[in-house]
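Reader: I am in my first year and still learning how to read a model of this kind. Could you pick one spot in the chain, look at it closely, and then lead me outward from there in one connected account?

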Amino acid sequence: MADASPHIPGRLALRLLQPHPLGLERLRGIGPKTAARMRERGILDQLHLLLHMPRKYRPTYRFWPGHELIERRASFVEVIGQISHVLPPARHSRAPLEVRLQVDDAEFKLIWFNLAFPGFVKKFQPGDWMRVEGKLDHERDPAQMVHPTFDILKSRETRAPQTEVVPIYSSMEEVRDSLIHPAIAESFSLLHADLEEGAPLNLLRQHELPTLADALKTIHVLTPYDDLDCFREALTTARNRLIFQEFFDLQLALTRRYVAQRRAANAPRLTERELGRELLKKIPFDLTGDQKSAIATIADDLANRIPMRRLLQGDVGSGKTVVALLAAAIAIANGHQVALLAPTEILARQHSRNAHALFTALNIPHALLVGAQPSAERRDILHQLASGELGLVVGTHALVQDDVAFKNLALVIVDEQHKFGVDQRDALLAKGQDPHLLAMTATPIPRSLAHAVFGDLDLTLIREKPPGRKPVRTELRDRSRAPKIYDYVKKRITETGEQAYFVYPLVEASDALANRRSVTEEAERLANGPLKGLRLGVLHGRMDGPAKDAVMQRFSNGDIDVLCATTVVEVGVDVPNATVMVIENPEVFGLSQLHQLRGRVGRGSVDSMCILITGFSLTEDAELRLQAFTTTDDGFKLAETDLAIRGPGLFLGVKQAGLPEFRFGDVLRDAHWLQAARHDARRILLGDASR
Ligand code: ADP
Ligand code: MG
């Protein structure tokens, strides 16, 4: 769970072996005022202070030869040199005082404004030696320093060149780095010997990572580094140490949950598979290899006392539903009940229809439970669920409500699981006695992120698509081409009897979002103009359940040619005769969402098309997304691109309550550390990392 305040250090908490007084006020130079400001920024005590990371590092080059400083474009320097000229400004002029300093083989210009009074100017005599420290501006020729700190030396001095790395914090208003540096150094010297190592030392050795204390020492540059490359290398390793710890803590917690689920386990052993085999015979196609192995894995899980916790990931159209229905049939064959939870009413109704087609033939009693249902019907269903009469119930959030009780719920199936929070999932699971869980998602989550978020689930993948599927040709078109596109769609539908989706971001026109199109307005316009003569239907989230269902049903039966819709058709909807999708304002959608939308077509063996109509100029991000989208059909690749462009928070959406907020690690950049942490946690707690 993410922390309430983004400033409070994330999952990584430092712990001590010995109690210490940790108050910030105990540090030299930190008074109550400064301490209060630090606390406002989430730095509550000395341990938090140690986890306050420098924003950047500033190398300071001391006593390097002049030409080297120029070659390296060194910014912060300390040099010893000899004054070659002094150029005082003319009397009453506002020009600065300029002193030329010869540093070995290079000449620097030192500048002072408004200090050209005789006493000051006289300090500088040609031939004298100076020590100067300041910021070197390479944009000037010769390179110059304005108002450097300096000493006039009695004679020439030589010192060995060295490089100092200065950490820059300065992220706290009004708390100067000059206060933070000593405060961190003091905290470290008080606490470092008692810092508890958060990971076994043999793991650290194996990953060639330093101890936490050593990592912090490097990060805050508490020992000097002469060599910058050396420092950079040490810094990378030190940061990796924190990243690893953060992921490792998370993975330990997730694995503990996984172990606890398995230990407490008293799941029903569903060993009878006959009904599943019967069902298989009724399915009008052969399963793909991935579908077969998914169902075999699931059947094995279901036969076990340890409750299944499996996430079935498969690209849109890969055929997850039939796998779910087979799993349901197995549970029901064993005399138990199954709940199938879907995120939208449209999808619940579609699953219910699919189940109906297959299960009626097998005499499996089943029902649909959604929000908008006559109360008598609802009462009836609840009654039959409680008595155990119903084998399968398909439904929306309505399933999670308190008054829904089962006689013997043995399997919970959550479709499009990323649309739900962990709480909803757990609430449904709580309605049975250690029921099995099959979660499904068509937003293929990159493995690294899946592990970060769903580390307590086992993963199964369906990569293969059913045979005969052709990639959906995707084109990006400017709004000016819209009339041609409408003509094309109309002609195609009239000639072939295929169907189309038109997708819009808004339900109704909105002044605030004037450049986004709305389904209500556009459906009207198309019906009276470009698509006149075709049968149009409208579908959006503000319609009530039965109305949505009626439209969907008519589209599904082929009684509607063109379905104008909002993203309510995003998930799950399956009408194989629909072969064209036109998306208006595609730039407002995320990549994964676009991929979901496009997944509504290309479900048959006919060539399908997806046309994106954009107006106005696109942002660079949108351009990137849309270009990526037109070039690949691979949901996994798109998901990774989407994740990279938008970051995990937006990618998964707000519903994903389980997404941890990482302070040090990045699930993409540091995917291998996440993997290593999962591997290690599983090996330690399960004695086996392969699961
Ligand atoms: P998703 O994985 O996106 O939920 P669905 O389960 O809705 O996909 O399946 C998409 C379509 O593919 C459905 O029409 C389904 O009947 C069909 N389908 C599933 N498996 C196969 C298969 N092995 N061969 C042919 N068609 C299949
Ligand atoms: Mg689906």
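**From one loop outward**

Author: Val 221 has a relative accessibility of 13% and therefore counts as buried, since the cut-off for that word is under 20%. Please keep in mind throughout that this is a predicted model. Val 221 sits in the loop that runs between helix 7 (212-219) and helix 8 (228-263), and although Val 221 is not a glycine, its phi is positive, at about 50 degrees.

A little further along the chain we come to an aromatic pair, one of 13 such pairs in the count. Tyr 225 and Phe 231 make up this pair, which is edge-to-face, with 5.2 Å from centre to centre and 65 degrees between the planes. Both partners are buried: Tyr 225 has a relative accessibility of 16%, while the relative accessible area of Phe 231 is 3%. Elsewhere, ring pairs join Trp 112, Phe 120, Phe 124 and Phe 150 into a cluster.

The backbone feature of Val 221 can be set beside that of Glu 416, which likewise is not a glycine and has a positive phi of about 50 degrees. Glu 416 belongs to the loop between strand 13 and helix 14 (422-429), and because its relative accessibility is 4%, Glu 416 counts as buried too.

Strand 13 leads us into a sheet, an open one of seven strands in the order 11-12-10-13-14-9-15, with parallel pairing. At its edges stand strand 11 (366-369) and strand 15 (458-462), and because each has a single partner strand, one side of each is left without a neighbour in the sheet. On average, and with direction ignored, neighbouring strands of this sheet are turned by 20 degrees against each other. At one edge, strand 11 pairs in the parallel sense with strand 12 (residues 392-395) over four bridges, and here His 366 has Leu 392 of strand 12 as its bridge partner.

Helices also lie across these strands. Helix 10 (residues 289-302) lies across strand 9 (309-314), strand 13 (409-414), strand 14 (436-441) and strand 15, and runs at about 155 degrees to strand 15. Helix 12 (residues 345-359), in turn, lies across strand 10 (337-341), strand 11 and strand 12, running at about 155 degrees to strand 12.

For the wider setting, the domain assignment gives domain 1 (64-159), domain 2 (274-462) and domain 3 (473-632). Between the C-alpha centres of domain 1 and domain 2 there are 77 Å.

Three further places are worth a careful look. A cis peptide bond, with omega at about -5 degrees, joins Asp 141 and Pro 142, and Pro 142 lies in the loop between strand 5 (129-135) and strand 6 (144-146). His 48 lies in helix 2 (residues 46-50), where it counts as buried because its relative accessibility is 19%, and its side chain is joined to that of Asp 45 by a polar contact of 2.9 Å. Finally, helix 19 (residues 591-598) is mostly covered, with seven of its eight residues buried, among them Leu 591, His 595 and Arg 598.

How values were computed: Residues are numbered from 1 along each chain as its sequence is written. Chains are lettered from A and ligands numbered from 1 in the order in which they are written. This is a predicted model: local features need pLDDT of at least 70, side-chain atom pairs count only at pLDDT 80 or more; totals for chains, interfaces and linings use all residues. Side-chain values use heavy atoms; hydrogens and water are left out. Domain bounds come from an automatic or database domain assignment. Two strands pair if DSSP finds at least two bridges between them. Helices (H or I, at least four residues) and strands (E, at least two) are DSSP runs, numbered from the N terminus. Axes are lines fitted to C-alpha atoms, for helices over the stretch in contact, and angles run from 0 to 180 degrees between N-to-C directions. Contact means heavy atoms within 4.5 Å. Buried means under 20% relative accessible area, exposed over 50%, partly exposed in between (1.4 Å probe, protein chains only). A polar contact is a pair of N or O atoms within 3.5 Å; within protein, one must be able to donate a hydrogen and the other to accept it, and residues adjacent in sequence count only if both atoms are side-chain atoms. Rings of Phe, Tyr and Trp (its six-membered ring) pair if their centres lie within 6.5 Å; planes under 30 degrees apart count as stacked, over 60 as edge-to-face and the rest as tilted.
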